[in-house]
Amino acid sequence: RAPMARSRPRKKPGPNAADVTPSSPPQHKPPPAPRPPAQGQASSPTNLSPLRAAPSTPPDSLHKTTTGGSVRSRTNGDDGANLPKLKEPFTPGGSTRYEAVGGRVQAADGTWVAYALTRPVPRPGHPKAPLLVTVNGLSNDGFQWEGLVPTLKKEHAVLSWDYRGHGCSENPRETCRVSIESLAEDMQLVLDDVDNRGLASVAHVTVVGYSMGCQVALEWCRQHAGGRLEGVALILGTPQYSLRTVMFGSKAAADLVATFLDSFQTPLALAWEVSFAWTFATSYVSHALARALGVINVPWNAFAPFYRHLKRLHGGAYNRMLVTGQRHTAMDVLERLDRREVPTLIVTGGKDFSAGKSVFREMHFAAPRASFVHLPEACHAGMIGEREAVTEALEAFLHEKRESVAFNRRRLYDATGMNVSPPESPVKTAGGRDVVTDPLSPAISPIKE
């Protein structure tokens with residue numbers, strides 16, 4: 001039977017009377033299944049269900065939703081539609097396609113430096129992926145990264161480049177100008193070209209260095225990082241004095257070797273190229289000898305690209321990188337990165353001849369907040385022999401970096417109402433005194449009086 005259009009007041013409260021507020025009129029219990037009205041008969045009101053008390057759940061103001069790494073708050077009676085939206089980071093979909101783009105830039109001495117970019121295919125209306133730059137080791141053309149690119153490109157555009165006299169880059173036109181500092185400048189030129197061509201966003205950069213690439217990466221951080229650095233990963237390398245561990249931890253002996261290499265650059269460059277050709281021609285024997293001495297512990301077929309690249313390696317550039325690597329230190333940069341709480345990963349190997357236990361202690365003392373991963377069985381070719389462990393460490397590092405970026409974006413928005421820092425903020429003064437800008441951070445540090 002259809003509900004009555006006008007109900008009589010009941011003398012006794014029904015079972016739902018406790019749920020009815022005093023201001024609401026008395027209600028009838030709704031029928032289990034209202035029948036449709038007969039033809040020509042007007043339908044009666046159906047929204048007669050009693051008002052019920054609010055459930056005992058936490059208020060909406062305590063709930064937060066996370067979308068694409070950014071945090072949005074909801075307040076009582078507001079579902080977030082009226083709140084300003086934060087800038088969403090790049091979030092690749094399941095059907096993301098990737099493409100490789102190449103290019104080259106001219107260094108300060110006129111040498112052409114080659115690079116390659118693996119990026120998601122651009123889609124209209126979607127932000128560009130943040131940039132991740134890989135920095136090779138000495139005498140390498142980047143073949144170690146091939147097994148790690150599938151992991152690195154998940155949320156980044158991966159940029160790789162070759163040193164002067166390495167890989168696809170040209171031989172240095174002025175060998176004497178090759179140094180750790182000049183290679184860091186080459187890296188910046190590559191980033192500028194990527195930015196000018198609009199290939200990827202360089203507003204947020206993550207740097208991953210291997211072997212001597214750790215020194216080049218930290219030197220770039222010193223000169224050009226500014227406020228766009230999101231994270232640094234140093235894999236099987238040292239931030240200073242690259243020949244010291246090879247000379248059994250003696251810096252004095254390593255300095256003597258560097259002086260000798262610097263004094264006879266031209267004949268030694270030719271000697272290096274002859275040795276490279278001989279090593280390639282006898283790669284089977286050389287590899288077996290290296291495995292017997294414990295220098296490497298990977299099979300020959302996995303290391304064959306290294307031997308093939310030796311045919312192309314420029315002896316003069318190799319010699320200069322050995323000399324300048326021993327005379328260069330970037331431990332102070334590592335300390336400042338730690339003070340700025342920049343996400344940092346340091347991977348060391350138990351059988352790595354290029355970095356001993358003393359180097360581990362120095363790096364841990366300089367960056368106690370960094371994530372340290374020690375691989376006891378990893379040699380200097382650990383990116384190949386211990387690829388799964390290195391991949392796992394990088395995945396954890398990138399996850400930590402993503403959380404840190406989301407937190408900093410939320411903190412910046414709460415403090416200033418801006419999604420990102422302005423590209424060129426005016427320099428401020430501290431009490432009228434002269435100030436200098438730390439290249440590792442946009443913060444302003446007053447000069448000590």
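How many disulfides does a search of the whole structure find? I looked, and the count came back as 0. A reminder to myself: this is a predicted model.

**Cysteines.** I checked two of them for exposure. Cys 176 has 52% relative accessibility, so I put it down as exposed, the cut-off being over 50%. Cys 221 sits at 0%, so I put that one down as buried, since buried means under 20%.

**Helix H3.** Cys 221 took me to H3, which covers residues 213-224. I counted 12 residues there, and the helix reaches 16 Å from its first C-alpha to its last. That is close to the 16 Å expected at 1.5 Å a residue.

Is H3 enclosed or open? I found 9 of its 12 residues buried, so H3 is largely enclosed by the rest of the structure. I listed the buried ones: Gly 213, Cys 214, Gln 215, Val 216, Ala 217, Leu 218, Glu 219, Trp 220 and Cys 221. My friendly note for the bench: both Cys 214 and Cys 221 are on that list.

After H3 I came to Gly 226, whose phi is positive, near 60 degrees.

**Gly 249.** Where does Gly 249 lie? I placed it in the loop between strand E8 (229-235) and helix H4 (251-263). Its relative accessible area is 45%, so I logged Gly 249 as partly exposed. I then looked at its distance to Ala 355. The two are 106 residues apart in sequence, and I noted 9.1 Å between them in space, C-alpha to C-alpha.

Key:
Residues are numbered from 1 along each chain as its sequence is written. This is a predicted model: local features need pLDDT of at least 70, side-chain atom pairs count only at pLDDT 80 or more; totals for chains, interfaces and linings use all residues. Side-chain values use heavy atoms; hydrogens and water are left out. A disulfide is a pair of cysteine sulfur atoms within 2.5 Å. Buried means under 20% relative accessible area, exposed over 50%, partly exposed in between (1.4 Å probe, protein chains only). Helices (H or I, at least four residues) and strands (E, at least two) are DSSP runs, numbered from the N terminus. The expected span of a helix is 1.5 Å times one less than its number of residues.
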